[in-house]
Protein chains: 4
Amino acid sequence: MSKTINFGIIGAGYMGKAYSIALNTVASVFPLSANPVLGILADEIPDVVEAKAKAYGFQRRTTNWRDLINDPAVDVVAVCTPTFLHEEMAKAAVAAGKHVICEKPLSLNARNASAMADAAEKAGVKTMVGYCYAKNPAAQLAKEMITAGEIGDIIHFRGTHNEDFLMDPEAPVSWRLKEALASKAGALSDLASHIINMAHYLCGPIADVVADSQIIHKSRPDGKGGRAAVENDDQTNLIVHFASGALGSIEASRVAAGRKMGLTYEVVGTRGTLYFDQEAMAELQVYKGSDPAARCGFQRILIGPAHPDYGSFCLGTGHGIGYNDMITIEMRDMIEGVAGNRAVWPSFRDAVHTALVVDAALRSQAERRWVGIGELETELK
Amino acid sequence: MSKTINFGIIGAGYMGKAYSIALNTVASVFPLSANPVLGILADEIPDVVEAKAKAYGFQRRTTNWRDLINDPAVDVVAVCTPTFLHEEMAKAAVAAGKHVICEKPLSLNARNASAMADAAEKAGVKTMVGYCYAKNPAAQLAKEMITAGEIGDIIHFRGTHNEDFLMDPEAPVSWRLKEALASKAGALSDLASHIINMAHYLCGPIADVVADSQIIHKSRPDGKGGRAAVENDDQTNLIVHFASGALGSIEASRVAAGRKMGLTYEVVGTRGTLYFDQEAMAELQVYKGSDPAARCGFQRILIGPAHPDYGSFCLGTGHGIGYNDMITIEMRDMIEGVAGNRAVWPSFRDAVHTALVVDAALRSQAERRWVGIGELETELK
Amino acid sequence: MSKTINFGIIGAGYMGKAYSIALNTVASVFPLSANPVLGILADEIPDVVEAKAKAYGFQRRTTNWRDLINDPAVDVVAVCTPTFLHEEMAKAAVAAGKHVICEKPLSLNARNASAMADAAEKAGVKTMVGYCYAKNPAAQLAKEMITAGEIGDIIHFRGTHNEDFLMDPEAPVSWRLKEALASKAGALSDLASHIINMAHYLCGPIADVVADSQIIHKSRPDGKGGRAAVENDDQTNLIVHFASGALGSIEASRVAAGRKMGLTYEVVGTRGTLYFDQEAMAELQVYKGSDPAARCGFQRILIGPAHPDYGSFCLGTGHGIGYNDMITIEMRDMIEGVAGNRAVWPSFRDAVHTALVVDAALRSQAERRWVGIGELETELK
Amino acid sequence: MSKTINFGIIGAGYMGKAYSIALNTVASVFPLSANPVLGILADEIPDVVEAKAKAYGFQRRTTNWRDLINDPAVDVVAVCTPTFLHEEMAKAAVAAGKHVICEKPLSLNARNASAMADAAEKAGVKTMVGYCYAKNPAAQLAKEMITAGEIGDIIHFRGTHNEDFLMDPEAPVSWRLKEALASKAGALSDLASHIINMAHYLCGPIADVVADSQIIHKSRPDGKGGRAAVENDDQTNLIVHFASGALGSIEASRVAAGRKMGLTYEVVGTRGTLYFDQEAMAELQVYKGSDPAARCGFQRILIGPAHPDYGSFCLGTGHGIGYNDMITIEMRDMIEGVAGNRAVWPSFRDAVHTALVVDAALRSQAERRWVGIGELETELK
């Protein structure tokens, strides 16, 4: 364990903090092949980067992200910036031979995402995209049960990612609501991408899509006394077919009153069903079709040391796991991927699928028709 | 209250029993403008009709439903038979000047449903369709809150009606799985119709639809040692737009492992959200957007005497209301409609809308496109 | 089934209505050895008894309960009056050779309850006390699982019966709050008696008790512009030992803000646990200790036709059962007991045990010590 | 922030790991007056202490805890060892002028706990006892609401701490089951102490107690092929009076099948109720008595940045907080207490109250009577 992996993080905001907490924690939680070092933090606001670098324990700081990428000590670059910046930063990082963790969504569209994956593969570096909810031990348990055939063949998936941080029509506009900064897809890209990635993880790739989205509040305060247009959707609904033949629905909203972290999924198989709700993140509801009629019902499995990764945090079942713990698992995966030269999931390439589904949903909405993922894949070539 | 209303029920099975229980109960529960009389029960199996007529307290019985319809004492005919029989029976009843309660779905398709509504209106009789879940005091409370603007403007509806009575691939075929007896729509007609009616009740009419459905188990035991084809869908998904502009999704399944009475709805407004699950039928979950951030969250309102109709059953909040109580409310509505010459809801005409949505979903699936309800309405003329 | 059983009900209030609904319903729900007849209703308020007798379908009515008891047509007398009247009415009824259903609590104290049981046994009539929650199919399922050893040996019972109908300090005084009319025990007698009966049903007799109770609001409006003293407890707590050796706790309150029908029980065995909450009355939560660590958790069993009595109400699991349905089961038990000359549960004798536990709790509180049930039993002799 | 606080941890097991994770995390989460340094780890097993010190990032390690206490660099000693060792270690630490965090329960009995508090106060050092569940933002919110009078005057408290880690009768004996190592109190000391501390925190001191406890499995495998006696209780029940006059019940078990982290509390006030369950640790259920009858019910408040401490971990409500996050809050409290020379809660002195309640419960059980806390306090003098 004398090996170390040096991390540079671009962006000292929400996710930059989460990554820093996780990197400070991960070595005490998990046995690691190499210890992470908090090398350098980049943020364009001098006061912020100085204060945060100190608080998080970074060795160095910079207001110029290119310095971070060019820093020879850095092994892994973490891109925790608004979406429109991902492509340039990630490409520069892989060009400099760095491994990259990039926040979700990977890019503004599938074309850019695909180019990023190409660049990373050409450079031979490891990549990961921050779909953290799939790292939850409960999600890993769901995956394990599905893979083991415990619920039979998957026939239906229903996923949601509903929040209400924009339910107030007077909440100000931000980069997330602008096409140029966050894409033509709003909740569809920012939130649905999480549950599309989860669908992919649990049920395999999606084959075709029909969708519709809406902007509920057309304009919002621009923070300068005026109003600015909202340029992407507040809520969206998709029907999907998986390549496996299973049917599914996906829903996302940023104006869903009362839903704070409403990432939920119900996976129906021919022999059972799984249900999960991120607002009760340390449990999985399971229905086993083999139980007799008089003794059947959904079972609330509290996650514990008998399930993936939990026992490294705590030896007591049901004692609880939190948001930052999922990020810690992500960092473990990245470290082990880099140190062990193993595959990391979800890579940029894996995330292209999510981007394709988002793009297919946009096209479906524009053209009011079913859109095959294959159609978009062909266009990428 | 010396006035009485004489009921004839066709079909001594599941729903015939439920109606009989309710008619025996309703006068003790509600103040009524007229007392119901259990006049005559019809069922083609002699032993069954004899035993059941006695048990339920009918004055007369018959194995020939036409005798019931021609019985001059009968005021109201209840049609509790498989779907394909509804049209003939209901038309005969209205032709004989009887008021009619018909089980859902009203008919095999919107065209027939519309003809039934025309016939009833021409005859000047009252009609009702047995969408009993909308009679739940919790649903009435939801309607009341929406109408009063308590959750603002409706922007999203998600409804499901999932059960698992056919999850076993070796469960035998029945009339419900046959196109000629139950329509080309399976779960879409048998189950989704309930939640479509609820959507209509709570959010107004649906304007257009995209849908897909699947048969999971293509054949089943025919009960004679062989196999018979399953001719309509096991599961279905719709995206809908309401005439109001709200977006919605609807899902139904008869193979959804673990869901026993999974009629759920979540109605999102600009200022709050309602959530209901029929498996916890005596409560409504409410989120009020006006609560301060530190004191907000979904509130579990247990239904009680402060809400519609509950107090007639029981004076204690949360003491519980059951399936048959909803049927009792239905019977009260029918009796008061007939005795008071007031409108009854949902009438045959109201139910045509549900049938149109089902037909639009079938066409959407066949033609892989969005289908407007207006398109089908035009064709009916 | 030409046999009939003629019922006379004393008291046209809350429970009188519930019994009437149930008697009107029971023959359509259950196959019966004899059909009930609503013979005569007694209530001292002329207008009330007239209106209610008509609404409920009674053949006769009276303002003098002794007329009812002396009515030769009456087979079963139902006593639905305030507690202080039970003893006189029930004794008169059994003296007249009538079978008796009496509302809970059976009497003001164990001595009177015992005298009532003696009188009934001497008269050779059937008796039942209205502990309706024990008739819930979910409670029957709990009993069935315990008896079958599915949770091993019972080691702990925790029961509550919490409501909040008196949380408002300005709610007026009523007979329930007066020692002479309802006993020295308030919530302890009115509410805890339900959960004590349930404890007895599920875990066997209680052997000794320590308890404490409190009056929270010492006086209340007397309805005449003044204040009246509250003479019995608003909340109570007991620790009990069962004869089996199991430990338990019992709690009741009529001022428990937010609990509307908070009858809950958790029965812990050496191999599993059952949990029930009357506010979700159609389900039982079960933990099976034999499940493997990675697949264990409480299972929510929705009550259905695979469980006792439910299928007679409805063929669909989870479709729901309500308060009045439990009363219907009670009436079925009474009818079958009388018609079939079978034992009825809980009889007056069974209810003496509940009364003894209440009296022991009162004495424990007064003398600040553990009190054995045997001590009180000895004094009764 | 150039100030640092140097920690020495005795015990590299469960809690030693939790403390280490927290100390590695706390500076990234909270703004701090001083940064913690992981100075030295002590554990008597050489291999363990070497591996763990490396993994957790300690500068030094030792197999002799006295070296740690005598290390001049160490500012704070954390005692994470079995209960019987707490007194000697903590006294040695305070004698060396160190601040001390000690795991719960503080000592084998109230006399020893009191002596520890005396020693610490004499030495003028800061102390804290690891009742981590009271650090949960949800518990802090409960405290805040109670203090603000949001639920009126407290009239009832019901608390449980149920787990099932010893439900298997063949689970081997451990130090926790031995009187000399863990006290005559089993679940009463190990588990109930958590909920007694919580009761103290939320409702003030307890005045008197009646209790009973049981050993369910009298002997267990001794790990050497034989059997060893279990010397303290598996389950316990208390009724308590608070000094305020409120009534309460407390229950704990280590054999409660299915309860994994069943620390629950329900605090009833004259104007509302709070309910919490650690198995759903990031939410608080609240009933406000001021809501109108038709719009009342328990509200599920998901903990978020509007509540104490949560926002430092994550900006999204309902995104989740875990067990280790509570420990991080504990460490923040200790650091700020030491660095800022502010009071730390719960101190050794605060924890003497919990120890007195445990001792009173033991005496109540032995003598089958109510025992006043004052009686035991007098004996300590």
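Angles between helix axes that fall outside the ranges under 35 degrees, over 145 degrees and 65 to 115 degrees count as oblique. I begin with that convention because the first helix pair in this predicted model depends on it.

In chain B, helix α9, residues 192–203, packs against helix α12, residues 348–367, at an angle of about 120°, and the two axes lie 9 Å apart. α9(B) and α12(B) are therefore oblique to each other. Their crossing is right-handed. On the α9(B) side, the contact is made by B:Ser193, B:Ile196, B:Asn197 and B:His200. These residues meet B:Asp350, B:His353, B:Thr354, B:Val357 and B:Val358 of α12(B). By class, the contact of α9(B) with α12(B) comprises three nonpolar residues, five polar and one charged.

I turn now to chain A. Here helix α1, residues 14–29, packs against helix α11, residues 323–340, with an angle of about 70° and an axis separation of 8 Å. An angle from 65 to 115 degrees counts as roughly perpendicular, and α1(A) and α11(A) are therefore roughly perpendicular to each other. The crossing of α1(A) past α11(A) is right-handed.

Which residues of α11(A) are met by α1(A)? They are A:Tyr323, A:Asn324, A:Ile327, A:Thr328, A:Met331, A:Arg332 and A:Ile335. The residues of α1(A) that meet them include A:Tyr14, A:Met15, A:Ala18, A:Tyr19 and A:Ile21, and also A:Leu23, A:Val26 and A:Val29. How do the residues of the contact of α1(A) with α11(A) divide? There are 13 nonpolar, three polar and one charged.

Next, the relation between chains C and D. A turn of 180° with a shift of 0.0 Å along the axis lays chain C on chain D, with an RMSD of 0.0 Å. The two copies are thus related as by a two-fold rotation axis. Within chain C, C:Arg369 has the C-alpha nearest that axis, at 2.8 Å. As for the interface, 100% of the interface residues of chain C are also interface residues in chain D, so the copies meet through the same surface.

I close with the confidence of the prediction. Chain A has an average pLDDT of 97, and 99% of its residues score at least 70. For the complex, the predictor gives an ipTM of 0.96 and a pTM of 0.97. As a general caution, predicted coordinates should not be read in detail where pLDDT is low.

Technical notes: Residues are numbered from 1 along each chain as its sequence is written. Chains are lettered from A and ligands numbered from 1 in the order in which they are written. This is a predicted model: local features need pLDDT of at least 70, side-chain atom pairs count only at pLDDT 80 or more; totals for chains, interfaces and linings use all residues. Side-chain values use heavy atoms; hydrogens and water are left out. Axes are lines fitted to C-alpha atoms, for helices over the stretch in contact, and angles run from 0 to 180 degrees between N-to-C directions. Helices (H or I, at least four residues) and strands (E, at least two) are DSSP runs, numbered from the N terminus. A crossing is left-handed if the near helix is turned anticlockwise from the far one by less than a right angle, and right-handed if clockwise. Contact means heavy atoms within 4.5 Å. Ala, Val, Leu, Ile, Met, Phe, Trp, Tyr, Cys and Pro count as nonpolar, Asp, Glu, Lys and Arg as charged, and the others, Gly among them, as polar. pLDDT is the predictor's confidence in each residue, from 0 to 100. Copies are superposed by least squares on the C-alpha atoms of residues with pLDDT of at least 70 in both.
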